[in-house]
Amino acid sequence: MNTQRNHVILGEDDFRMLKQFAENFSSTNANEMSLSYELNRAIVVENDELPPDSIRLNSEVKVRELTTNKEMEFSIVMPALADIKQKKISVLTPMGAALIGLCKGETVEWKMPAGMKKFQVLDVRQTG
C-alpha cells in the first residue's frame with residue numbers, strides 16, 4: 001500500500017459537522033481507512049480559504065479507478081441525504097471517506113468492499 005498520504009483539507013463548517021457525526025456514529029476504532037482517521041489528520045481552514053477544487057460535503061466529484069480506467073460521477077453527502085439513484089453517496093461509505101478533503105488531480109488508495117482500489121480525482125464541482 002502507498003504509505004504517502006495526501007493532505008486532507010476541510011473547511012471549519014464541514015469539519016465540525018463531520019467530527020460530531022463521526023464521534024456519535026463510530027466506535028473507538030479509528031482505523032487507518034476510516035472517516036474518523038481522516039478527520040484526525042485533517043488540515044482545517046476557514047471556509048473561504050478552501051481550495052476551489054477541494055472535495056467537501058455536497059461536492060460533485062468525478063473519479064477514475066486506475067486499474068480498470070472506469071470513471072464515476074457522484075456527490076458526497078451526509079448519510080441522511082444519500083441516494084444512489086441520484087448519485088449521492090454518504091461520506092461514511094468507503095468511497096466518501098477516501099475522497100473527502102482531497103483536491104482535483106490527487107490519487108488515493110483505499111480499501112473498498114472489493115479490495116484495495118486506487119482512484120484519481122478528475123474533477124470537483126461545488127454545488128450550493
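Buried residues account for 38% of the 128 residues in this predicted model. The accessible surface comes to about 7,300 Å². Carbon and sulfur atoms contribute 49% of that area. Among contacts with a separation of 6 or more, 56% join residues 24 or more positions apart.

The protein contains 3 helices and 7 strands. Read from the N terminus, the elements follow the order β-α-α-β-β-β-β-α-β-β.

Of the strands, 5 form an open sheet. Their order is β5-β4-β3-β7-β6, and the pairing is mixed. β5 (88–90) and β6 occupy the edges. Each has a single partner strand, so one side of each lacks a neighbour in the sheet. From one strand to the next, the twist averages 45°. The pairing of β4 with β5 is parallel and runs over 3 bridges. Within β5, S90 is the bridge partner of V77.

The largest nonpolar core comprises 29 residues. L18, L35, I55, F74, I76, V91 and L99 have the most contacts inside this core. Both helices and strands supply it: two or more residues come from each of α1 (12–25), α2 (35–40), β3 (60–65), β4 (70–77), α3 (94–99), β6 (107–112) and β7 (115–125). The largest share, 4 residues, is that of α3.

V91 illustrates the packing. Neighbours within four places in sequence are set aside here. V91 then contacts L18, L35, L57, I76, V77, M78, P79, G96, A97 and I100. Among these partners, L18, L35 and I76 also belong to the group with the most contacts inside the core. V77, another partner of V91, is the residue bridged to S90 of β5.

The N-terminal segment was examined through H7. H7 lies in the segment before β1 (9–11). The relative accessible area of H7 is 53%, so this residue counts as exposed, the cut-off being over 50%. Exposure does not leave H7 without partners: beyond its neighbours within four places in sequence, H7 is in contact with I43, G101, L102 and E106. H7 and C103 are 96 residues apart along the chain. Their C-alpha atoms are separated by 8.9 Å.

Definitions and conventions:
Residues numbered from 1 in each chain as written. Predicted model: local features only at pLDDT ≥ 70, side-chain atom pairs only at ≥ 80, totals over all residues. Heavy atoms only, no water. Core = buried A, V, L, I, M, F, W, Y, C linked by side-chain atoms within 4.5 Å. Buried < 20%, exposed > 50% of the residue type's maximum accessible area, 1.4 Å probe, protein only. Contact = heavy atoms within 4.5 Å. Areas by Shrake-Rupley, 256 points an atom, 1.4 Å probe, with all protein chains shown as cover. Pairing = 2+ DSSP bridges. Axes fitted to C-alpha atoms, helices over the stretch in contact; angles between N-to-C directions.
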